[in-house]
Amino acid sequence: MALVVVLVICGVIALVLQSERDTTTEAKRRSIAVAQTFAHSPGIVQALRTPEPSKVLQPLTEAGRKAAGVDFIVVMDTKGIRYTHPIPSKIGHRFVGRIGPSLAGKVYTESVHGPLGHEVQATVPIYDPHGKVTALVSAGLKVKNVTSEVDRQLPIILAAGAGALVVSTSGTALVGRRLRRQTHSLAPAEMTRMYEHHDTVLHSVREGVLIVDDDGRLLLANDEARRLLELPPEAEGRHVRELSVLDPEMTQLLVTGREATDEVHFAGGRLLAVNQRPTDRAGGPRGTVVTLRDSTELQAVSGRAEVARERLELLYDAGLGIGTTLDVVRTADELAQVAVPRFADFVTVDLADAVLHGEEPARKATDMRRVAVHGIRDDHPLYEKGRLIDFLPSTPQARGYGAGRSELVPSLSAATGWHIQDPARTRQILEYGIHSLIAAPIQARGVVLGMANFWRSKREPFDEEELSLAEELVARAAVSIDNARRYTREHTLAVTLQRSLLPRALPEQSALDVGYRYLPAQSGVSGDWFDVIPLPGSRVALVVGDVVGHGLHAAATMGRLRTAVHNFSTLDLPPDELLSHLDDLVGRIDQDEACAEAAAEIAGATCLYAIYDPVTRRCVMARAGHLAPALVHPDGSATFPDLPAGPPLGLGGMPFQTAELELPEGSQLVLYTDGLIEDRSRDLDVGMELLRRALAGHPDRSPEESCQAVLDELLPARPKDDVALLIARTRALPPQNVADWDVPQDPAAVSGMRGAVSARLEEWGLAELGFGMELVLSELITNAIRYGSEPIHVRLIRDRTLICEVADGSSTSPHLRYAATTDEGGRGLFLVSQMTERWGTRYTPQGKVIWAEVALPDLTGCLPD
């Protein structure tokens, strides 16, 4: 044991030393990575050349610091004067650390005591386009903030040491026991004591013992045998035939020495059970040993044993029949059914109303809900099931609930405190014949959840022994009820969390008429989600995904992925690129959780992402391990489009492919998760065929009606997995609501475009937006002519907003900036941002599109037909 303790201490010390070394190494690695990443970020050199670099760089470094998880990112000039620092008052002061190696072009790491404490920092150079060091970037973090492995591994080492101690101690005990059993190593004092106890035990047992030699001579008779056979004091040493007090049949049995098993013989008015065996089986002297039991007394004992057997059987059945489900009411009802009629004539179970909702019960027996009533008859006058009861302090239920102890009421007619609860009903109960009560608290883990009431009317009143049995019955049910309560609470919390992570309402858009359903599983929450995301140009993105697994981990991962999809969609990425970014994110989640906790779950997921454009009526989609969508055509036929199946998210290394479909107006695109069609009782192909049949033949049915019809057709009453269903009916933007022009790469063409746009706005009744839209178009077209390349195309869309798009063949993205007073340019995009609701850039295979949206003055009169 001492050796194991020393080994455990050495292991802990080695772990601490190794963790300290790993902590410093990890701090240096992260500092170098963050500093080099920021030093090579685009726009850093241009920011350094601005008159006030700190205004530009300080927000960038703070954002980068928070995203990278370091404590500071400091940009400084070649003299070490800071441009940025997490503490703004430190900007302009000299950097704490060596900068010489970094000025020479090296990456230099060091440990210093800086403004934030003991820090590990890395300093790297920033090069201008000519390869000259123009500034330095230092990133670092406090050593104490790097996650240590000691806290996770130390319990394992201590547990292993404790296990070794237990194993070694147990092994020693087992070996010692085996040696003692094999050697019979008794000391002289122990042998003497054994023989002294021999006579004491022989004459103290409640069973008569006789030893008769081979000649029929009585060698030994203990006190119980003398009493049962009424033998004289000098009986030992005499022949059994000389003992006149023995019955002839008993004498004949002892003389012959034959074997007997529980033979019944009369002696002295007693009924004796006799057993006789020879004594020479192990090489001893010839003779017989006889045992005698008084069966007249055993008859009463056997009756008590039968009662004990019945009670044990009742407890055994209770252990099997109570707690079969994680349902509070069902468990209480199982307790009532087990006890009737074997223990009580009627059983009622009252639980605190808060317990039914998974909450902690109150301290007093108020707001008690009767959840179970069971009896030998149904016409009883007891309170009915579902009633809310407030027990008065004088009742056995209130006293037992408050004290946590069972109450025995052998005579209800004499229990005056119980009568006050409800005098009229009390009188009915007594007239019905119910006369005895046991009120036992349902108590688990130190908390009283309710009361179980056992009533008798046909049998004898309850006694103290039966009070213990009632407590044992209730104790077995209490743990199950508390487990069901905790499960109800956790399930409610998990479902609430999951629903909070899902969209509460669909956004307004004109491209699709959408219906959806989300059903959580009965056994636990999962990671299914869906989304409808408006995109620029009146386009809409549809998303359906499913995280592998169940529980809070899956729900939380689903929330992270849904947020990531929203963030990636703001970049207006194609479906395949968005899924690639999402795949990288899931892979990083798996790596982070594997490092943080060895037993963490793997966050695998599937996803389908589709973008529908109501102007072209084309839908581009891609999927990552997800089931193919269903498509309902305007004629009512339903098919499953041939969409390439990519790998599930998190595997990495495989590209995703897109498919582009042209959807007639009125088509229905059906996106769903596997919980809708997968079931243990049927194959996947059968489920997809059932889905196709449920969708086909109803082209005029609304998406909401289609959702309900599909669920009614495919789902059981209690689905075992989450189900997300999204049905979108396509709309097409009328051609008269779209205007487009090709623009030559000539500055003179701008004025002509302003006139054409003004004319079109006049046709649409939006002349009052002409000035602002002309200004926006002038800036965007001028930027495309000056900085872009052909072909240049302008498109105007009238939808919920007025959308202006300028496309060109260049992939260079413009950036909004604040122009100085002396700058000749740089104010165009600033004007665009001020004149429009929002604007942005999206990239296409041919180049880019800069778009801007302007709110309509009269929404009801300008929506498309």
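Trainee: Which residue in E4 is the bridge partner of Glu119?

Mentor: Lys142 is the bridge partner of Glu119 in E4. Bear in mind that this is a predicted model: local features need pLDDT of at least 70, side-chain atom pairs count only at pLDDT 80 or more, and totals for chains, interfaces and linings use all residues. Residues are numbered from 1 along each chain as its sequence is written, and side-chain values use heavy atoms, with hydrogens and water left out.

Trainee: Why are E3 and E4 called a pair?

Mentor: Two strands pair if DSSP finds at least two bridges between them. Nine bridges join strand E3 (residues 117–127) to E4, so they pair. They run antiparallel. Five residues lie between the strands of this hairpin, and Gly131 has a positive phi near 85 degrees.

Trainee: What makes E1 a partner of E4?

Mentor: Strand E1 (residues 72–76) has five bridges to E4, again antiparallel. Val75 faces Val137 in E4.

Trainee: What makes residues 133–142 a strand, E4?

Mentor: Strands are DSSP runs of E, at least two residues long; helices are runs of H or I, at least four, and both are numbered from the N terminus. E4 has ten residues, so the strand cut-off is met. The chain has 22 helices and 31 strands.

Trainee: Why is E4 called largely enclosed?

Mentor: Eight of its ten residues are buried, so the rest of the structure largely encloses E4. Buried means under 20% relative accessible area, exposed over 50%, partly exposed in between (1.4 Å probe, protein chains only). In the whole chain, 44% of the 865 residues count as buried.

Trainee: What makes a set of residues a nonpolar core?

Mentor: The members are buried Ala, Val, Leu, Ile, Met, Phe, Trp, Tyr and Cys residues, joined through side-chain atoms within 4.5 Å. The largest core has 51 residues; Trp529, Leu542, Leu561, Leu582 and Tyr609 touch the most other members. Strand E19 (residues 605–613) gives the largest share, seven residues. A second, separate core has 47 residues, including Ala339 and Met451.

Trainee: How do you know which element to trust least?

Mentor: Use pLDDT, the predictor's confidence in each residue, from 0 to 100. Helix H22 (residues 859–862) has the lowest mean among the elements, 45, and strand E25 (residues 668–672) the highest, 95. Over residues 596–600 the pLDDT is below 50, with three contacts beyond near neighbours in sequence. Contact means heavy atoms within 4.5 Å. Where pLDDT is low, the predicted coordinates should not be read in detail.
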